[in-house]
Amino acid sequence: MPGFSLIYLDIDGVLRPDSSEELLDSCTLHLTSIIEGIFDRSGTHVKIVLSSDWRLYDDRRAKVQEHLSAHGMAIHSVTPDLYSSLSISGPRMNRLEEIRALEILTSVLALNPVSFVCLDDMALPLKQAVQVDYNQGLT
């Protein structure tokens, strides 16, 4: 039986572009296409891991789950919050990408997927990361 693949999903800039106050169906349909493409190529089931800061707030996490459910998807899990436990020196914005990458890698080690990809508007220092245009969202 094949394993599973993971998509690490950011929300702001990916499913909710800068120009929108809401999660966009058009961006979510592109996510569905990506999931179908991974399944068609690898034969693995694809699970979504929420890596966005939205994971830290119950109401926002519930909103994402409701939106994904309307498109036949679900949140499998969330990445750990390492930011609050790390001692950060220097400007916060200069380290967010590194911390997000560390949170994702911690999750990868715990979940042990066959493969993974990260969809984020930040330039994550991971070869599996796809940087999405914050203004456009997932296209």
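## Charges and surface

Lys and Arg are counted here as positive and Asp and Glu as negative, with His and the chain ends left out. On that basis, this predicted model carries 11 positive and 19 negative charges, and the mean positions of the two sets are 6 Å apart.

The protein exposes about 7600 Å² in total. Carbon and sulfur atoms supply 52% of that area.

## Overall fold

Let's step back to the whole chain. The secondary structure comes to three helices and five strands. Following the sequence from start to end, these elements come in the pattern β-α-β-α-β-α-β-β.

As for dimensions, the C-alpha atoms fill a box of roughly 45 × 35 × 25 Å along the principal axes. The radius of gyration is 14 Å, and this agrees with a compact globule because such a globule of 139 residues would have a value near 14 Å. Buried residues make up 42% of the 139 residues. Among contacts with a separation of 6 or more, 67% join residues 24 or more positions apart.

## Helix α3 and the turn after it

Helix α3 is a good place to look at an element in detail. It covers residues 96-111, 16 residues in all. From its first C-alpha to its last, helix α3 reaches 22 Å, close to the 22 Å expected at 1.5 Å a residue.

Which residues of α3 are buried? They are L96, I99, R100, A101, E103, I104, S107 and V108, so the list holds the charged residues R100 and E103. The strands that these buried residues pack against are β1 (4-9), β2 (45-50) and β4 (115-120).

Just after α3 comes N112, in the loop between α3 and β4. N112 is not a glycine, yet it has a positive phi of about 55°. Is N112 buried or exposed? It counts as exposed, because its relative accessibility is 61% and the cut-off for exposed is over 50%.

## Helix α1 seen from I35

I35 lies in helix α1, which spans residues 25-42. With a relative accessibility of 16%, I35 counts as buried, since buried means under 20%.

What does I35 touch beyond its neighbours in sequence? Setting aside residues up to four places away, the partners of I35 are I7, V46, I48 and M73. Of these, I7 falls within the range of β1 (4-9), while V46 and I48 fall within that of β2 (45-50). Looking further along the chain, I35 and L68 are 33 residues apart in sequence, and their C-alpha atoms are 12 Å apart in space.

## Helix α2 and the loop before it

Before entering helix α2, it is worth pausing at Y57, which lies in the loop between β2 and α2. Y57 is partly exposed, with a relative accessible area of 44%. Its C-alpha atom is separated by 16 Å from that of E22, a residue 35 places away along the chain.

Two residues of helix α2 give a picture of its surroundings. R61 is found in this helix and counts as partly exposed at 28% relative accessibility. Leaving aside neighbours within four places in sequence, R61 is in contact with L50, W54, R55, L56, I75 and V78. One of these partners, L50, is eleven residues from R61 in sequence, at a C-alpha to C-alpha distance of 8.5 Å.

H67 is also placed in α2, whose residues are 58-69. In contrast to the partly exposed R61, H67 counts as buried, at 11% relative accessibility. Not counting residues up to four places away in sequence, H67 touches L23, L24, D25 and T28. Of these, D25 and T28 fall within the residue range of helix α1 (25-42).

## The end of the chain

Finally, T139 sits in the segment after β5 (129-131). At 68% relative accessibility, T139 counts as exposed. T139 and D53 are 86 residues apart in sequence, and 21 Å separates their C-alpha atoms.

Notes. Residues are numbered from 1 along each chain as its sequence is written. This is a predicted model: local features need pLDDT of at least 70, side-chain atom pairs count only at pLDDT 80 or more; totals for chains, interfaces and linings use all residues. Side-chain values use heavy atoms; hydrogens and water are left out. Helices (H or I, at least four residues) and strands (E, at least two) are DSSP runs, numbered from the N terminus. The expected span of a helix is 1.5 Å times one less than its number of residues. Buried means under 20% relative accessible area, exposed over 50%, partly exposed in between (1.4 Å probe, protein chains only). Contact means heavy atoms within 4.5 Å. The radius of gyration is taken over C-alpha atoms; the globule rule is 2.2 Å times the number of residues to the power 0.38. Accessible areas come from the Shrake-Rupley method with a 1.4 Å probe; for residues, only the protein chains shown count as cover. The place of a charge is taken as NZ of Lys, CZ of Arg, CG of Asp or CD of Glu.
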